[in-house]
Amino acid sequence: MIDGLTSASLGKPDFNLAIEQHAGYVEALRSCGLEIEVLDPDPRFPDSTFVEDVALCTPACAIVTNPGAPSRNGEKKAIGKVLKSFYRHIEIIESPGTLDAGDVMMAGNHFYIGISGRTNEEGAAQLSVILERYGMSSSHIPLHRMLHLKSGCSYLENNNLLVAAELLTHPAFEAYHHIKVDPAEEYAANSLWINGTVLVPAGFPNTRNKIEGEGYRTITLDVSEFQKLDGGLSCLSLRF
Ligand code: CIR
């Protein structure tokens, strides 16, 4: 992972510390009641720890994506095999469509799809058609500055949206109650709701306080080594 893609200017990750932080993440998910399957490392792909990007897991089907970064595209092969043991229906996004599932936020039966440097219009359109076939709806959100849609927002269920930066005033999210993330804490916009508890990255106390102020229990996790590669809490797992 020390060779992973990054725009963060935070230096190279410390591999051993990353392993420790990852173990803490797995433990936190487990403590929220999840059953965990930890995949083998794939040294061919330095960004493959960000497993969220290569598949979208919905209640009805899994969709293997077509990751937009050339160095990550090959990650999709291995995930298809893993998902076969969990899903009867597996769909795929095909070129020229590209899609990273970090650009997809699920809110009930509706999916928001960011159009980003990784996810193009064609990829988003393919995903919308697939979702519709399984009775789910979607809308597209063009992004200007963010790596992925979920770099700037997280749905915390109960109509609560944790939201930052360019998405704060986006009309698509008007109906949600906004929990606003300060510009200095933007990284914490990627927090993770699991069975009523919210996992929040360490070092962003205002955001954690705001989330707790809405009545959620939180778990704070240090994921500094993943932040160095632009990755957040949601990116490190597929949840279904
Ligand atoms: C990348 O640039 O693809 C990785 N270094 C970070 C991916 C983060 N994933 C996510 O936001 N879902």
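Which side chains meet in a salt bridge at 2.8 Å, N to O? Lys150 and Glu52 do. I'll come back to that pair. One caution for everything that follows: this is a predicted model.

Let's start with the ligand. It has 13 residues around it. The closest are Leu5, Asp47, His148, Leu229 and Cys235. By class, that shell holds 6 charged, 4 nonpolar and 3 polar residues.

Now the polar contacts. Leu5 uses its backbone: an N or O atom there sits 2.8 Å from a ligand nitrogen. Asp47 uses its side chain, with an N or O atom 2.7 Å from a nitrogen of the ligand. Arg118 goes to an oxygen of the ligand instead, and a polar atom of its side chain lies 2.8 Å away. How much of the ligand's accessible area does the protein cover? On its own, the ligand has 350 Å², and the protein covers 98% of that.

Next, salt bridges. The count comes to 12. The principle is familiar: side chains of opposite charge can pair when their charged atoms come close.

Back to Lys150 and Glu52, at 2.8 Å from N to O. The two residues are 98 apart in the chain. Lys150 is in the loop between strands S6 and S7, while Glu52 is in the loop between helix H1 and strand S1. Buried or exposed? Both are buried.

The second pair is Arg145 and Glu186. Their closest N and O atoms are 3.0 Å apart. Arg145 is in the loop between S6 and S7, and Glu186 is in the loop between S9 and S10, so this bridge ties together parts 41 residues apart in sequence. Arg145 is exposed, because its relative accessible area of 56% is over the 50% cut-off. Glu186 is partly exposed, at 22%.

The third pair is Asp182 and Lys210, at 3.1 Å from N to O. They are 28 residues apart, with Asp182 in the loop between S9 and S10 and Lys210 in helix H4, residues 205–213. Both ends are partly exposed: Asp182 has a relative accessible area of 25%, and Lys210 has 33%.

There is also a network. Which residues do salt bridges with shared partners join? Glu52, Lys150 and Arg239.

Now some backbone details. The peptide bond between Ser95 and Pro96 is cis, with omega about 10°. Pro96 is in the loop between strand S3, residues 90–92, and strand S4, residues 104–107.

Then look at Asn158 and Asn159. Asn158 is not a glycine, yet its phi is positive, about 50°. Asn159 is not a glycine either, and its phi is positive too, about 70°. Asn158 is in the loop between strand S7, residues 153–155, and strand S8, residues 160–163. Asn159 is also found in the loop between S7 and S8. Asn158 is exposed, with 61% relative accessible area. Asn159 is partly exposed, at 34%.

Last stop, the surface. Ile2, Phe15 and Ile19 form a nonpolar patch there. Together they have about 270 Å² of accessible area. Phe15 belongs to helix H1, residues 15–31. Why does Phe15 count as partly exposed? Because its relative accessibility is 44%, and partly exposed runs between the 20% and 50% cut-offs.

To recap, three places to look. Find the ligand, with 98% of its accessible area covered. Find the network of Glu52, Lys150 and Arg239. Then find the patch of Ile2, Phe15 and Ile19.

How values were computed
Residues are numbered from 1 along each chain as its sequence is written. This is a predicted model: local features need pLDDT of at least 70, side-chain atom pairs count only at pLDDT 80 or more; totals for chains, interfaces and linings use all residues. Side-chain values use heavy atoms; hydrogens and water are left out. Patches are made of residues with over 30% relative accessible area and no salt bridge: like charges are joined within 9 Å, nonpolar side chains (Val, Leu, Ile, Met, Phe, Trp, Tyr) within 5 Å. Accessible areas come from the Shrake-Rupley method with a 1.4 Å probe; for residues, only the protein chains shown count as cover. A salt bridge is a side-chain nitrogen of Lys or Arg within 4 Å of a carboxyl oxygen of Asp or Glu. Helices (H or I, at least four residues) and strands (E, at least two) are DSSP runs, numbered from the N terminus. Buried means under 20% relative accessible area, exposed over 50%, partly exposed in between (1.4 Å probe, protein chains only). A residue is near a molecule or strand if one of its heavy atoms lies within 4 Å of it. A polar contact is a pair of N or O atoms within 3.5 Å; within protein, one must be able to donate a hydrogen and the other to accept it, and residues adjacent in sequence count only if both atoms are side-chain atoms. Ala, Val, Leu, Ile, Met, Phe, Trp, Tyr, Cys and Pro count as nonpolar, Asp, Glu, Lys and Arg as charged, and the others, Gly among them, as polar.
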